[in-house]
Amino acid sequence: MRWPLLVLLVVLSGGVVALQAVYERRGGALAGSTEQVLYVRSPDAVKRLALSYDALLADIYWIRAVQHFGRTRLSTEPVKQYNLLYSLLDLTTSLDPHFRVAYLFGAIFLSEPAPGGPGRPDLAVALLQRALQASSRQWEFAQAIGFVHYWWRQDYQQAAAWFQRAADYPDAPEWLVPLAATTLAQGGSRESSRMLWQQIARTAEDDWYRNEALRRLRQLDAMDQLDRLRAVVEAFRQARGGPPADWDDLRRAGDLRGTPVDPTGAPYRLSDGAVSLDSASPLNPLPAEPARIR
Amino acid sequence: MAVIGHIALNVFKESVRDRVLYSLVAFATLLIGASYLIGQLTAGQDVKIIKDLGLAAIATFGLFIAVFIGIGLVWKEVERRSIYSLLAKPIRRHELVLGKYAGLALTLLVNVAMMTIALYLVLAYLNTQFSDNARAVWPAPAVDVGMLRAIGLIFLELLVVTAFALFFSTFSSPFLSAALTFSLWIIGEFNPELRNFEAVVESPAAAYLARGLSYVLPNFAAFDIKTQVVYALPVPSSYLLTTSAYGAVYIALLLTGAVAIFERRDFK
């Protein structure tokens with residue numbers, strides 16, 4: 001081997017080592033590419049095996065999570081099993097810690113009560129708490145945690161505390177402060193629920209999230225309408241000594257002008273004096289309300 | 001330099017004759033097919049996923065071209081015995097090696113450039129499919145010039161892989177060269193793990209060895225800033241410069257090694 005080549009080889013080898021040292025001294029990989037290195041659990045093992053395809057693999061797990069949730073929700077099985085949902089979301093967000101939608105939508109998927117979801121708000125909170133550490137826009141995740149406590153756990157103290165915590169972030173919107181106060185004062189009331197969903201519908205940046213908020217607002221409207229219809233049916237029962245057989249009885253009595261429909265246009269059902277949503281209505285199932293606020 | 005240029009041009013023409021550019025058709029089909037399908041599956045994450053998929057596909061297609069053409073660059077000339085007629089011409093051995101490398105680099109450049117244009121076209125189309133509200137929440141615009149930084153580093157990574165393939169092809173069979181190049185690429189992706197080895201092994205000697213290896217082995221993970229550009233996270237210019245310098249020095253090292261071996265090789 002010629003001497004100049006040998007010298008060049010040595011110099012270049014030194015250059016590689018020196019530049020690698022510079023790379024490490026600068027803190028190594030940029031934030032976002034190697035989170036939780038050597039944290040021994042399966043999502044991290046997958047992350048290691050993903051080589052440089054971690055974001056793409058996260059997309060695949062996200063698609064699988066959406067598919068798993070949707071397919072299970074629409075299945076005709078008597079007992080719907082969402083066993084894979086949290087694992088898929090965990091893998092998605094471990095591979096791509098900035099996957100904002102996977103945290104926000106994933107929390108909603110996890111919180112939905114059976115049969116529409118696994119009914120695991122505890123896992124939803126755990127997922128969102130990881131988002132708080134891994135991603136920016138922290139107020140959004142704190143607000144989402146408050147929301148899970150409010151809507152699915154009916155723990156209004158916790159909800160108010162999280163809304164307040166969300167409001168304390170420097171980039172938080174102003175409406176979080178009155179939301180925290182209202183939740184603390186009258187949490188669980190239909191009006192405070194309406195205020196919460198109206199804010200989400202007004203401020204949500206994702207079409208899916210906004211549509212979900214609009215659906216919830218329609219559910220609240222339907223619950224108000226159901227209360228009024230039940231009162232009309234009860235008045236009819238007291239006046240006539242028995243419940244109406246159908247909506248026509250109430251129309252003939254002058255109590256209604258026609259068959260009442262819910263905010264989506266589906267007719268309400270009247271059966272044995274009980275008023276309910278039609279089974280085909282997209283507003284099913286209506287949320288449970290604490291007995292004390294009815 | 002003129003000799004190197006001529007050889008490079010010939011390598012490029014040969015790769016076109018070998019239908020390497022057909023990979024572009026596969027790439028375009030993959031992206032267009034995916035952009036049509038994922039809209040149904042991803043709860044509005046089309047643009048992010050097309051960016052992830054496009055960048056990963058550019059890296060993967062380029063990796064296969066770099067390895068499978070790179071390993072045959074020198075070996076083919078020896079196998080066909082055309083090396084004798086080549087070396088009988090006024091071509092020095094280092095010019096042959098560098099020309100071959102430059103030719104494959106040119107092939108990769110054309111491939112990556114065409115795939116980049118296809119990716120931007122698909123993203124421009126997707127951009128028209130969303131409302132202003134939906135676009136407002138994206139961390140980066142669909143047609144984002146910032147993605148070129150990630151593509152630039154992917155191209156540089158491919159040049160390092162090509163240099164490895166060429167280096168191995170100067171002294172070993174294509175099969176062995178491909179195995180060695182792929183192995184080094186995988187090890188290079190794990191390079192950051194080697195520096196934290198003390199967290200998983202008790203032996204200080206093994207930890208020191210792993211740390212030492214991390215300095216010598218290629219660090220391909222450093223070229224991966226796909227997540228950063230997709231989420232518009234900051235990528236300092238100093239990072240790009242240092243990584244580019246690292247890649248350039250590594251390429252120079254490998255080409256020097258390839259030339260040194262090829263200079264000494266006896267073709268009798």
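**Exercise 1. Salt bridges**

How many salt bridges does a search of the whole structure find over all chains? Describe the pairs that involve Arg73(A) and Asp221(A), and the network that includes Lys48(B).

*Solution.* The structure is a predicted model, in which local features need pLDDT of at least 70, side-chain atom pairs count only at pLDDT 80 or more, and totals for chains, interfaces and linings use all residues. Residues are numbered from 1 along each chain as its sequence is written, chains are lettered from A and ligands numbered from 1 in the order in which they are written, and side-chain values use heavy atoms, with hydrogens and water left out.

Step 1. Side chains of opposite charge can pair when their charged atoms come close. The criterion for a salt bridge is a side-chain nitrogen of Lys or Arg within 4 Å of a carboxyl oxygen of Asp or Glu. Over all chains, the search finds 21 salt bridges.

Step 2. Arg73(A) pairs with Glu112(A), with 3.9 Å between the closest N and O atoms. Arg73(A) belongs to helix 3 of chain A and Glu112(A) to the loop between helix 5 and helix 6 (121–134), so the pair ties together parts 39 residues apart in sequence. Helices (H or I, at least four residues) and strands (E, at least two) are DSSP runs, numbered from the N terminus.

Step 3. Burial is assigned from relative accessible area: buried is under 20%, exposed is over 50%, and partly exposed is in between (1.4 Å probe, protein chains only). Arg73(A) is partly exposed at 28%, whereas Glu112(A) is buried at 5%.

Step 4. Asp221(A) and Arg194(A) form a salt bridge of 2.7 Å, N to O. This pair links distant parts of the chain, with Asp221(A) in helix 11 and Arg194(A) in helix 10 (residues 190–203) of chain A, 27 residues apart. Asp221(A) is partly exposed, at 31% relative accessibility, and Arg194(A) is buried, at 11%.

Step 5. In chain B, Asp52(B) and Lys48(B) meet in a salt bridge of 2.4 Å, N to O. The two residues are 4 apart in helix 3 (residues 46–70) of chain B and are therefore separated by about one helical turn. Both Asp52(B) and Lys48(B) are buried. A network of salt bridges links these two residues with Asp59(A) and Asp96(A).

**Exercise 2. The second largest pocket**

What is the volume of the second largest pocket, and which element gives the most to its lining?

*Solution.* Step 1. On a 1 Å grid over the protein atoms alone, a pocket is an open set of points where a 1.4 Å probe fits, with protein on both sides within 12 Å along at least five of seven lines; lining residues have an atom within 4 Å of a point. Grid points are joined across faces, edges and corners, and a volume is the space filled by probe spheres set on the points. The second largest pocket has a volume of about 300 Å³.

Step 2. Its lining has 13 residues, of which Phe69(A), Gly70(A), Arg73(A), Phe109(A) and Trp208(A) are the closest to the centre.

Step 3. Two or more lining residues come from each of helix 3 (54–74), helix 5 (100–111) and helix 11 (207–240) of chain A. Helix 3 gives the most, with 6 residues.

Step 4. By class, the lining comprises 7 nonpolar, 1 polar and 5 charged residues. Here Ala, Val, Leu, Ile, Met, Phe, Trp, Tyr, Cys and Pro count as nonpolar, Asp, Glu, Lys and Arg as charged, and the others, Gly among them, as polar.

**Exercise 3. Backbone geometry**

Which peptide bond is cis, and where are Leu51(A) and Arg81(B) found?

*Solution.* Step 1. Most residues other than glycine have a negative phi, and most peptide bonds are trans.

Step 2. The bond from Ala114(A) to Pro115(A) is cis, with omega near 5°. Pro115(A) is in the loop between helix 5 and helix 6 of chain A.

Step 3. Leu51(A), although not a glycine, has a positive phi of about 50°. Leu51(A) is in the loop between helix 2 (42–49) and helix 3 of chain A.

Step 4. Arg81(B) has a positive phi near 65°. The loop between helix 4 (73–79) and helix 5 (82–88) of chain B holds Arg81(B), which is exposed at 56% relative accessibility.
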